[in-house]
Every structure is written in C-alpha cells, then in structure tokens.
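Welcome, and please open the model in your viewer with the sequence panel beside it. We will go from stop to stop, selecting a few residues each time.

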Amino acid sequence: MQPHRTAIKARWTVTSDSPKLTVLDGATVVVDGDKIAAITHEEVTRADEFIQIDDGVLIPGFVNLHNHALNGPTLKGIVDDYDRTGTSGSLIYNLLMPLGDLSATDMPEQDIRAIFRLALLDMLKSGTTTMLDMWRPGHRIFLDVAREFGVRAYGAPYVLSSPPTGVNRIGQPTYGSADGSDSIANFKSIFNEYDEGPQGRIRVVLGPHGTDTCSAELLRRVRATADEMGVLITIHAAQSRAEVSAIETRYGMTPIEYLQSTGIVGPDVVASHCVYTSDQDLDILRDTGTSVASCPMTFARGGLTAPFQRFSDHGIRTGIGTDGYGFDYIEELRSAGLVSKLRMELSHIAPAAQLLRAGTESGASALGRDDLGRIQVGAKADLVAVDLGRAALQPIRDPIKNVIWYATASDVSTVMVDGRLLVRGGKPLGINEKDIVSAGADATYRLWERAERSGIRLDSASSPIQHQPYQMAEGHTHG
Ligand SMILES: [Zn+2]
C-alpha cells in the first residue's frame with residue numbers, strides 16, 4: 001500500500017542546507033507517510049491531499065527545549081509582576097515548588113488532564129511540534145494528553161533526593177530528603193509504560209530536577225541509568241543565586257563543575273538556563289558537547305537578562321524553551337533576540353535566521369535528532385505554516401524576518417506532526433477548543449483555591465489588586 005501523500009505548496013518554504021537556511025519561492029513539499037519525500041519546483045499532480053499556502057511561509061515545527069506544560073495555566077497572572085526583591089530564588093522555592101507539589105499530591109486526575117489539555121492546545125496552536133517537558137511523576141498524564149493531541153513529546157519525570165521545603169527567614173532555600181532510588185524506579189516504570197522507542201512520538205527521558213536537589217550519588221546513578229538505557233538527561237542548572245550558593249557551600253564548586261564531577265555532561269544532556277555561569281563553566285559545556293536550553297522570557301519576567309547569544313557565541317549548541325508561563329514560541333524567539341541585543345548593546349546580533357534555527361534545528365540536535373527541526377528530504381514531516389497576509393506582516397522582503405520580528409502565535413495557520421495534519425486554518429482538527437479552554441481554566445481555579453486554603457501565597461504582598469472569587473464556566477461548580 002502506498003503511504004498517504006500530502007503536497008504542500010507555499011509562497012515561501014524555508015529549507016535547511018547546512019550551514020544556512022534557504023528560502024525557496026513557490027516550491028512544493030511532498031510528504032509521504034511521516035516523512036518529507038521531495039521538495040520540488042515542478043507541479044505535483046499525484047497526492048491524496050493538496051494544501052496551498054498562498055501568502056505564507058512553511059518552516060520546520062518548533063522544538064520547545066525546556067518546558068513545564070502544567071505551569072502555563074497554573075502560574076498565569078501569578079509569576080507576572082511578582083515581587084522578587086530581597087530573597088533571590090524565593091519565587092522558585094516559596095511558590096513554584098510548593099504549588100507544583102500540591103498539584104501532584106492534591107489534584108484529581110481529571111483536573112490534571114484538563115490543565116494539560118489547555119496547555120497543549122496553546123502550544124500546538126503556536127506551532128510547537130516537539131516539546132521537552134519536565135514534571136513530577138504524579139503528572140505522567142502529560143504523556144497521555146501528548147499522545148491524544150498527536151504532538152511529539154519528550155517527558156522528563158523528576159528524579160530528586162533533596163526536595164526544597166521552602167525558604168528560611170533570610171530567604172535561603174531549605175531542603176528535605178527523599179529516596180533517590182524511588183524516583184529512578186518511578187522513571188523506569190513510566191518509561192516502560194509510555195516510551196515508544198526511537199521512531200515513536202512519545203519518549204521518556206531522565207529529569208534530575210536540579211543541581212541543588214540531587215545528591216552526587218543520585219546524579220552518578222542517573223548517568224549510569226542513562227548509559228544503560230540509552231536515554232537523554234535534562235536538568236536545571238545555574239538557574240538562581242540560591243542554587244549557586246548551595247552548591248558552593250556543599251561542594252566548593254559551581255553548579256556546572258558539579259555536573260561535570262558527577263558525569264551529567266555530554267552530548268546526551270540538555271542543561272536548562274545556565275544563567276549564573278562563568279566563562280570557564282561555558283567552556284565545560286562546550287567541550288563536553290552539552291546542550292543549553294535558554295529561556296529568555298522567564299528571566300525577563302524576573303528583571304534579568306539571559307542572552308541566548310552568550311551561549312551560542314561560546315560554541316555551545318543552544319536551543320530555546322518557554323519554561324512554561326506563556327507558550328507563544330514566536331514571541332520567545334523574538335525575546336531571545338531582543339534580550340541578546342539589549343545585553344550586548346549590538347543591533348546585528350541574534351538575527352532572525354539564527355533564532356529560527358535555534359528554535360528548530362538546534363533544539364532537535366540537542367535531542368539527538370538530525371531528522372527533526374529541518375525541511376529536508378528524508379526528515380520527519382513536522383511542519384508549520386505562518387500566514388503573512390495580515391497588515392502587520394506586510395510587505396515582505398524577508399519572510400523569516402517577518403515571522404521572527406512581527407508575527408505572533410495566532411498567525412500560525414497549519415501544523416503537521418509526523419505527516420499528520422493537526423491544525424488547519426488556525427483551527428485544531430478533531431479538538432473541541434471551547435470545552436478544553438473552559439475545563440482547563442476551571443481546573444486551575446480549583447487548584448488556586450486549594451493552594452490559598454493550604455497557605456500558599458499566590459500574590460506578592462505589594463500586589464495592587466484585590467481578588468474576587470474565581471469565575472467558573474457555566475455549569476461548573478467549585479469543588
Ligand atoms: Zn524549568
């Protein structure tokens with residue numbers, strides 16, 4: 001039997017001819033089954049489905065290299081404008097971690113599912129076709145929802161041995177202790193249940209939470225497990241001053257030196273953030289082939305610049321992640337560029353084409369995939385079309401610049417993963433958007449109520465807003 005053939009003819013198609021991107025005019029991409037079979041200027045007459053993109057550009061699907069899908073809805077309007085003065089790191093240890101714990105231990109399964117559905121709908125519509133997402137083992141439903149939506153997901157259940165318990169009076173994080181072998185056993189059971197192997201869309205990878213929450217012994221076990229099972233590792237590293245000082249006190253090392261001493265460096269490791277790093281730390285990452293996931297908006301929200309360009313200039317393979325507050329991936333790429341320009345005070349660095357490659361090819365390479373993140377014959381058909389017809393996007397001299405500097409997620413018109421059309425005309429196929437949005441919002445309101453009842457403060461003391469009770473969608477009740 002012949003595989004299903006789709007022919008996509010776009011006004012522009014961005015193909016990957018290393019080391020450059022090429023913009024083709026009026027080409028047709030032929031997709032056979034899950035792969036790109038041809039890229040041609042000749043007329044394609046035989047296909048099961050023809051897609052015409054008149055005023056748009058076809059690009060590879062985005063690879064979100066560091067994310068927490070659950071955090072998108074549950075921290076919306078909470079992390080924004082949060083007062084972080086005085087106690088650096090307190091947002092992570094005082095709010096993010098306890099709210100995450102609560103959502104793993106005290107939230108009904110259907111609510112977790114509803115929130116993941118809302119998050120994945122948002123990501124899918126922004127053109128994210130692959131995501132590397134970290135969560136607590138209790139949130140494994142993420143993988144069911146990713147499967148249901150048809151996106152490509154690398155799920156990383158947390159492995160940790162010293163979970164944060166909050167912050168002390170001077171704003172330093174405090175840590176408890178947990179059995180690290182339990183969390184490796186959890187990882188293995190989730191892996192056995194969900195991982196679809198190298199050709200599958202759903203993968204399960206090792207997610208040691210961070211340098212300060214994992215003992216040296218546990219990290220050595222993570223390395224041994226990764227080598228034995230051939231799975232990727234992803235970890236938070238050098239993301240806050242509090243973390244840096246904890247590792248300095250415990251081991252007399254920087255977080256990156258600590259990773260090296262425990263074997264958590266190498267081409268199979270994605271280290272997220274790496275903001276509080278020296279040039280020597282970056283040498284270690286580069287020389288060991290470790291990838292960095294840079295998440296500029298997370299830090300911009302906190303008043304900090306985390307310039308993507310610093311890592312890529314250092315010769316490190318650098319992808320971009322949203323980290324889970326807003327999922328507009330185009331906006332994240334634009335922020336990566338703007339934050340780099342601001343920090344370096346140079347206008348020509350982090351140009352659009354480099355940002356697009358970071359968000360597609362580099363992210364895919366960091367996942368060990370040379371068949372993703374590029375429009376090339378033989379690559380997987382993970383494709384996105386951005387409509388450039390809107391007034392704000394016209395006229396067009398360079399379609400890549402118009403996407404990166406002027407478009408938003410709502411200009412994404414078509415999304416294909418593994419050769420399957422998931423979004424057409426901006427509308428997700430086979431998904432009831434309205435129901436997903438209201439169920440996801442209601443589940444989040446219930447979590448916020450539970451959090452406030454259990455003493456987690458969702459707003460800074462300085463917040464100028466007095467909150468009213470949450471408005472549930474019609475027919476839903478507070479539970
Ligand atoms: Zn993170």
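Which residues in H3 meet which residues in H4? Keep in mind as you look that this is a predicted model. Select helix H3, residues 109-125, together with helix H4, residues 141-149. On the H3 side you will find Glu109, Ile112, Arg113, Phe116, Arg117, Leu120 and Leu124. Facing them in H4 are Ile141, Phe142, Val145, Ala146 and Phe149. Colour this contact by class and you get 9 nonpolar residues, no polar ones and 3 charged ones.

Now look at how these two helices lie. The axes of H3 and H4 are 9 Å apart and make an angle of about 45 degrees, so H3 counts as oblique to H4. The crossing of H3 and H4 is right-handed.

**Next stop: a second helix pair**

Select residues 329-344 for helix H12 and residues 352-366 for helix H13. Their axes come within 10 Å and cross at roughly 130 degrees, which means that H12 is oblique to H13. The crossing of H12 and H13 is right-handed. To see what makes the contact, show Tyr329, Leu333, Ala336 and Gly337 in H12, then Leu355, Leu356, Ala358 and Gly359 in H13. By class, this contact has 6 nonpolar and 2 polar residues, with no charged ones.

**Next stop: a parallel sheet**

Turn to the open sheet of 4 strands, which follow the order S13-S14-S15-S16 with parallel pairing. Which strands stand at the edges? They are S13 (233-237) and S16 (318-320); each has a single partner strand, so one side of each is left without a neighbour in the sheet. On average, neighbouring strands here are turned by 30 degrees against each other, direction ignored. Zoom in on S15, residues 291-294, which runs parallel to S16 and is joined to it by 3 bridges. Pick Ala293 and you will see Gly319 of S16 opposite.

**Next stop: strand S1 and its partners**

Select residues 5-17, which form strand S1. Strand S3, residues 28-32, pairs with S1 in the antiparallel sense over 5 bridges. S5 pairs with S1 in the parallel sense over 7 bridges. Thr6 is a good residue to click on: Val31 in S3 stands opposite Thr6, and so does Glu49 in S5.

Now add strand S2, residues 20-25, which pairs with S1 in the antiparallel sense over 6 bridges. S1 and S2 form a hairpin, with 2 residues between the strands. To find a pair within it, select Trp12, whose bridge partner in S2 is Asp25.

**Last stop: the two domains**

Zoom out and give each domain its own colour. The domain assignment places residues 5-60 and 374-428 in domain 1, and residues 62-366 in domain 2. Their centres, taken over C-alpha atoms, are separated by 29 Å. Where they touch, 23 residues of domain 1 are in contact with 26 residues of domain 2.

Which elements give two or more residues to the domain 1 side? Select S5 (49-60), H14 (399-406), S18 (412-417) and S19 (420-424). H14 supplies the largest share of that side, 5 residues. Coloured by class, the side of domain 1 that touches domain 2 shows 16 nonpolar, 2 polar and 5 charged residues.

Terms used: Residues are numbered from 1 along each chain as its sequence is written. This is a predicted model: local features need pLDDT of at least 70, side-chain atom pairs count only at pLDDT 80 or more; totals for chains, interfaces and linings use all residues. Domain bounds come from an automatic or database domain assignment. Two residues are in contact if their C-beta atoms, placed from the backbone, lie within 7 Å. Ala, Val, Leu, Ile, Met, Phe, Trp, Tyr, Cys and Pro count as nonpolar, Asp, Glu, Lys and Arg as charged, and the others, Gly among them, as polar. Axes are lines fitted to C-alpha atoms, for helices over the stretch in contact, and angles run from 0 to 180 degrees between N-to-C directions. Angles under 35 degrees count as roughly parallel, over 145 as roughly antiparallel, 65 to 115 as roughly perpendicular and the rest as oblique. A crossing is left-handed if the near helix is turned anticlockwise from the far one by less than a right angle, and right-handed if clockwise. Two strands pair if DSSP finds at least two bridges between them.
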